[in-house]
Amino acid sequence: MRDDTGQVTSVVRRTQLPSGLRIITEQMTGARSAALGVWVGVGSRDEDALTHGASHFLEHVLFKGTRERSALDISIQMDAVGGEFNAFTAKEYTCFHARVLADDLPLAVDVLGDMITDSVIAPADVDAERDVILDEIAMHDDDPDDVVQNLLAELAWGADGDLGRPIAGTTDSIEAMTPEQVMDFYRRHYVPANTVISVAGALDHGAVVREIERAFARNGWLDGTAAPLPPRHLAIESRPLVRGGEGRVARPFEQVNLVVGREGLDREDERRFALGVLNTALGGGTSSRLFQEVREIRGLAYSVYSFASHYTDSGIFGVAVGCLPDRTDEVLAVVREQLALIAAEGITADELARGKGQLVGGMILGLEDSGSRMMRSGKNELIHGDVMGIDEVIERIRAVTLGDVQELAAEVFSREELLAVVGPEVRS
């Protein structure tokens with residue numbers, strides 16, 4: 001990547017090991033930190049009824065210790081260098097990540113390599129972490145945003161659909177999960193061919209590759225040869241049907257939280273750049289139509305925004321609002337009115353320009369640290385099989401036309417509506 005003067009500011013390199021493990025680095029000029037991420041191509045949609053929640057369970061259990069380090073040892077070593085250290089599970093992948101000073105990158109590589117390849121996954125640790133996960137599920141059940149988003153996914157893909165299930169599992173599935181099931185899930189999915197390691201910041205690519213080869217060789221993890229597993233979109237045989245419908249859940253919250261949704265676009269759809277511009281113009285900032293109409297002009301809600309969720313073979317476009325119970329009907333009417341108006345007329349030239357500017361500016365500002373660069377490279381390599389250059393992304397955004405947006409809005413907003421409502425008053 002080059003700056004406006006033509007100077008090289010970052011260099012992306014890729015190495016594939018014989019085991020199928022892919023290593024992506026981005027050397028950033030002027031950086032003093034480094035971020036490391038281990039991306040495993042497994043998430044909640046890869047589970048069945050017996051293993052629902054296993055991906056998230058593993059995210060927790062791999063922090064509990066290895067044959068070389070206890071859980072406390074792992075924490076002490078990362079805290080001693082001021083490192084940031086965490087993990088998250090999504091529907092299609094799991095990521096373990098760390099951010100440290102550049103000089104401490106070898107330590108972070110060694111700790112993550114130890115965790116990923118040689119964790120004990122002891123039955124006692126599984127049982128202890130079970131209660132932690134049950135507490136986390138209860139916490140999510142107390143969060144109206146989480147409840148309404150889980151309800152939306154269930155409406156869209158069904159409670160038994162691989163995209164419709166909650167990522168953390170359910171109380172029943174977690175209580176029934178055995179240590180043997182967790183270990184079996186680990187052995188099946190945590191393999192080099194299903195893993196991408198992404199590193200960004202102040203680094204030398206060759207040195208990073210050597211450190212990874214040493215740290216991840218534990219327990220014979222890198223032994224053997226294999227080709228990387230293909231991106232999901234190359235293995236998908238059919239698209240999951242997104243259903244329309246309405247779901248209402250009573251909760252003793254002060255507000256009603258609702259989402260008005262439609263089937264959106266998958267990750268590989270070339271129109272996702274136009275959808276990004278549409279999303280920004282509709283509900284992506286304080287100048288957006290929804291913010292102005294719902295909050296500024298009518299004072300109906302404090303929080304209102306739109307979003308686009310993309311998966312390998314499906315997607316959701318939605319508008320989320322939190323309002324007082326007696327404002328629910330009016331909020332719904334305004335949101336539906338704006339969706340219908342944009343479907344019929346599109347957006348204005350000014351909205352198009354603002355949407356592009358906000359997308360480009362937000363992306364560039366969001367990529368100024370090593371952590372965000374690591375996240376972008378790792379996720380793109382795992383999901384798409386390559387890393388699209390930032391300049392190419394900017395060109396795709398800037399190439400979006402008013403016609404592109406209007407055509408897409410007319411298609412998406414004409415699809416069957418999804419309505420998820422959570423709150424103290426569920427009557428419409």
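Helix α1 lies across strands β4 and β5 (94-101), running at about 165° to β4. Here, contact means heavy atoms within 4.5 Å, and angles run from 0 to 180 degrees between N-to-C directions, with axes fitted to C-alpha atoms, for helices over the stretch in contact. Helices (H or I, at least four residues) and strands (E, at least two) are DSSP runs, numbered from the N terminus.

All this comes from a predicted model, where local features need pLDDT of at least 70, side-chain atom pairs count only at pLDDT 80 or more, and totals for chains, interfaces and linings use all residues. Residues are numbered from 1 along each chain as its sequence is written, and side-chain values use heavy atoms, leaving out hydrogens and water.

Now for the sheet. It's an open one with six strands, ordered β1-β2-β6-β3-β5-β4, and its pairing is mixed. Two strands pair if DSSP finds at least two bridges between them. At the edges sit β1 and β4, each pairing on one side only. Neighbouring strands are turned by 15° against each other on average, direction ignored.

Strands β3 and β6 run antiparallel, joined by seven bridges. In one of them, Val40 has Thr195 of β6 as its bridge partner.

| Strand | Residues |
|---|---|
| β1 | 10-16 |
| β3 | 33-40 |
| β4 | 84-89 |
| β6 | 195-201 |

Back to α1 (residues 54-61): its axis and that of α7 (residues 179-189) come within 10 Å and cross at roughly 90°. The two are therefore roughly perpendicular (65 to 115 degrees). Ala54, Ser55, Phe57 and Leu58 of α1 meet Val182, Phe185 and Tyr186 of α7.

Conventions. Parallel < 35°, antiparallel > 145°, perpendicular 65-115°, else oblique.
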